[in-house]
Amino acid sequence: MIRYLIRRVMTMAVTLAIVSALVFFIINLPPGDFLSNQIAELQAQGESASVAKAEFLRAQYSLDQPLWMQYLIWLGAVPGPDGYSGLLQGDWGWSFEFDQPVSEVLGETLWLTVIVNLSAMLFIYAVSLPLGTIAAVRAGGVTDYTVAFVGYLGLATPNFLLALILLYYGERYLGLPIGGLMDEQFEGEPFSFAKLKSILAHLVVPTIVIGTAGTAAMIRRLRANLLDELGKPYVTTAKAKGLSSTRRVVKYPLRAALNPFVADIGNLLPSLVSGSVLVSVVLSLPTLGPALLAALRSQDHYLAGFILLFVSALTLAGMLVSDILLAILDPRIRFGGRGR
Amino acid sequence: MKEHGTDMMEGGRAPSPIDPNARYMDGAAYDPDADTDVGGARPDLDMPTGRLIRRRFLKHRLAVVSALFLGFLYLCIPFVELIAPYGANQRDAQHLYAPPQGIHLFHEGSFVGPFVYPTTATADLENFQWTYVEDRETPQKLRFFCLGEPYKFWGLIDGRFHFVCPPEDGTLFLLGADRLGRDVLSRLIYGMRISLTVGLIGITISLLIGVTLGGVAGYFGGWVDAAVQRAIEVIRSLPELPIWLALSAAVPPQWSPVSVFLMISIILGLLDWPGLARAVRSKLLSLREEEFVRAAELIGASPQRIIRTHLIPNFMSHIVVSASLSIPAMILGETALSFLGLGLRPPAVSWGVMLNDAQDLTVIEFYPWVASAMVPVILVVLAFNFLGDGLRDAMDPYT
């Protein structure tokens, strides 16, 4: 088990390294950078003093170096102008637009992003497990068709539209708070019970919106797996021996069908994180989504790069968790790695 | 076996003897095929595969309806200029946020033919909102097969012919008008051109990369396979939308709408290929081990023939299905990007660009028709999903 774990963590580290290079490349694709744009602007206004300052900043952030050097400096593998100071040393870079370190700019957003995605994840499992089971056991029944119908709709409705619609009706008929992740008075406040309550109330709409598409997919998958399992002879045997219908489903077939259910986190999580970015923009949640959009628009490339990397790391971490869960659930995977 | 018709099963089968010890001779001529015939219980399966697939597909009602619906839309795409009553960016300053006009047939009890009642705007200064009053007195007849707003067909040929035109000195806003007084229905029709082709171009890119890499990985194996597998893992772990956002932010703003459109489609296809590559690879690996491939080899079929007649048909079906299931994801992707303002930009018209106008809640509350682009988006995505499901069931007719 431990050996398996180590192997998984190693692969994850390698993947993350490649992803970081990719991300750095992508954020440097747009021509120009924040500082050179600023320099051009300042030169147009004839402010030579500021130009000199901006030039100094360019050297300070090693924007005058070739791209691969910039990457290594950003990573912290090579000393920059201030010595080793990169991601590996815990320095997340500098946001040009806010004139602050990235860690200051993002701050609470990171945790809120994790919370939003985590709650969407829990929502997906909490809803799809019972619904998928019922849909499979009563295949062809009312629940089955309703679930399939809602599932298809959830699949086809763009997340952000669902967000708009739910936001509108949720506010109108249920009095759910609109937008944001907490009431204004709690922003920047230290953690407290009242704040938690406020966050929970604000989480309802985003959780449902982000979770719907995933839930639909998950229900379909669980239903298919469970249907396969229910057709097997041992279920008939259990029935013949007089096991009650609940036990007959829950005891063995459901367990066997759960396996792919857990393994699917790997597929689910990237789409979940993507979806949450968009939904956050629509609902103006203080998560990474809006921050990323703003950073991309203003070419604040260290900020954008860090957000992209963080989001990818979140996905990878989720996959790792799913792998570990699977290994616990399924001995074949746990021992599969050892040579015969 | 598949070449034989069903008629073969009728004759030549010995009725089961009642007394096992009694001597019995079947009068019918001996049919050597009868002993090897195992398909008797399922005569259906002896039909040619193509016909089986078609028959299976036709049974899936939703898929058939979806296919017809999508076929109709794609047929319309070349002719949007003729179908839309207005131009995509034609503005009517007198009718900002005009509500949908209904088509009527009877005016005061007498049949007039399809017509609309004209509307006039008044500014409601208390709520800062446009209100429209319908003039029930003067019906304005629609014109059919008429000369209307001039356009450049495909951007090349000048034309004025429309299937439907607004009445003389009147308006025809069947789905209302938007913020700038542009006809929502016409924009929907124009937007279809971009929104529906984005998926096609994207899937082409994705197929090219996916089939090539997957094929190479499955065929060569070894370190090539390992490298491709790693690449797939990396790409799959990237959250699509943020990367799409970052990539489309890199598209220079001064590009022409057409190049932006092409670039966006390519970006959409760029992240989609891992699923396909993985499918092609595993399919190739497993197909190579299949007995029918071994049999063909032993008979002496050339590798070319094996690939052409045995391998490709087997995974083409798979590819068609995955393609029809990833097109909707790309359509949604374009919609999302344009909605956020990072995809296509006006004056280009796509469903996402139209939804960009519907971003804020007050607009949706007062003028809900501005958000009507969400209906075709949902319908098209659903149709593609049903079509894909139907195809998936049909492609495997032996189960």
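Trainee: What makes strand S6 and strand S7 of chain B a pair?

Mentor: In this predicted model, strand S6 (residues 143-153) and strand S7 (residues 157-165) of chain B are joined in the antiparallel sense over 7 bridges. Pairing requires at least two bridges between the strands, so S6(B) and S7(B), with 7 bridges, count as paired. One of the partners is known by name: B:Cys146 is bridged to B:His162 in S7(B).

Trainee: What links S6(B) and S7(B), and which residue in the turn has a positive phi?

Mentor: The two strands form a hairpin with 3 residues between them. In that turn, B:Trp154 has a positive phi of about 55 degrees.

Trainee: How do you know that strand S2 of chain B pairs with S5(B)?

Mentor: Strand S2 (residues 110-116) of chain B is joined to S5(B) by 2 bridges, and the strands run antiparallel. Because the requirement is at least two bridges, the 2 bridges here meet the cut-off. B:Val116 has B:Gln140 in S5(B) as its bridge partner.

Trainee: Why are S1 and S5 of chain B said to stand at the edges?

Mentor: The open sheet has 3 strands in the order S1-S2-S5 (chain B), paired antiparallel. Strand S1 (104-107) and strand S5 (140-141) of chain B each have a single partner strand, so one side of each lacks a neighbour in the sheet.

Trainee: How many helices and strands does chain B have, and what share of its residues counts as buried?

Mentor: Chain B comes to 14 helices and 7 strands. Of its 399 residues, 35% count as buried, a label that requires 20 or more other C-beta atoms within 10 Å of the residue's own.

Notes:
Residues numbered from 1 in each chain as written. Chains lettered and ligands numbered in written order. Predicted model: local features only at pLDDT ≥ 70, side-chain atom pairs only at ≥ 80, totals over all residues. Helix = DSSP H or I, 4+ residues; strand = E, 2+ residues; numbered from the N terminus. Buried ≥ 20, exposed ≤ 12 C-beta atoms within 10 Å, placed from the backbone.
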